[in-house]
Amino acid sequence: MSELPPCVKCQSPYTYEDGSLFVCPECAHEWAPGAPAADEADEAQIKDANGNLLQDGDTVTVIKDLKVKGSSLVVKVGTKVKNIRLVGGDHDIDCKIDGIGAMKLKSGFVKKI
C-alpha cells in the first residue's frame, strides 16, 4: 500500500484518492498530486472598488444604485452595509441590507469604510 501525503491545507493524515485528486475528509480540500501547499496568500483575495482588501465583518458603502432583480427595489448610493461575509463566486459578498433583506453583492460596487 502506498503512503498518501497529508492534506496540504490542514495537515490531516486521513487523505484519500478520488480519481486523479487527493481529498481531505476533515476540511474537504481537494488537490492534484504535486500541487503546491496552500497558503493564505495563495487564496483569492477580495478587494473593493478602490482596491482595499475586504474581510469578513467589514462595513462597506454601496457606490452605485443597484436594482434588485425580480423586484422594484433599489439599493441607493451611500447605503451602509455592516458585517459582510465573503463567499466565492461572481457575487462575492453576502449581507443583510435594512429594508431589503439578505442579498449578494459584487465587491466592485462597494467601498470599505
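**Exercises on strands, hairpins and backbone angles**

At 58% relative accessibility, Asn83 counts as exposed. This residue belongs to a predicted model, and the exercises below refer to that model.

**Exercise 1.** Determine where Asn83 and Gln11 lie, and describe the phi angle and the exposure of each residue.

*Solution.* Step 1: locate the residues. Asn83 is placed in the loop between strand 7 and strand 8, while Gln11 lies in the segment before strand 1.
Step 2: read the backbone angle. Asn83 is not a glycine, yet has a positive phi of about 55 degrees; Gln11, also a residue other than glycine, has a positive phi near 65 degrees.
Step 3: recall the background. Most residues other than glycine have a negative phi.
Step 4: assess exposure. The cut-off for an exposed residue is over 50% relative accessible area. Gln11 has 52% and is therefore exposed; Asn83, at 58%, is likewise exposed.

**Exercise 2.** Describe how strand 9 pairs with strand 8 and strand 10, and explain why strand 9 is largely enclosed.

*Solution.* Step 1: take strand 8 (residues 85–86). Two bridges join strand 8 to strand 9 in an antiparallel arrangement, and Arg85 stands opposite Asp94.
Step 2: examine the connection. These two strands form a hairpin with six residues between them, and Gly89 in the turn has a positive phi of about 110 degrees.
Step 3: turn to strand 10 (residues 101–105). Strand 9 is joined to strand 10 by five bridges, again running antiparallel, and Cys95 has Met103 as its bridge partner. Three residues separate the strands of this hairpin, where Gly99 takes a positive phi near 85 degrees.
Step 4: consider burial. Strand 9 (residues 93–97) is largely enclosed by the rest of the structure because four of its five residues are buried.

**Exercise 3.** Establish the strand order of the open three-stranded sheet and identify its edge strands.

*Solution.* Step 1: the order is 1-2-3, with antiparallel pairing.
Step 2: strand 1 (16–18) and strand 3 (30–31) are the edge strands, since each pairs on one side only.
Step 3: strand 2 (residues 21–23) pairs with strand 3 over two bridges; Phe22 has Trp31 as its bridge partner in strand 3.

**Exercise 4.** Characterise the surroundings of Thr79.

*Solution.* Step 1: Thr79 sits in the loop between strand 6 (74–75) and strand 7 (80–81).
Step 2: its side chain reaches the backbone oxygen of Lys76 at 2.6 Å.
Step 3: leaving aside neighbours within four places in sequence, Thr79 contacts Val60, Thr61, Val62 and Ile97.

Terms used
Residues numbered from 1 in each chain as written. Predicted model: local features only at pLDDT ≥ 70, side-chain atom pairs only at ≥ 80, totals over all residues. Heavy atoms only, no water. Polar contact = N/O pair within 3.5 Å; in protein donor to acceptor, adjacent residues only side chain to side chain. Contact = heavy atoms within 4.5 Å. Buried < 20%, exposed > 50% of the residue type's maximum accessible area, 1.4 Å probe, protein only. Pairing = 2+ DSSP bridges.
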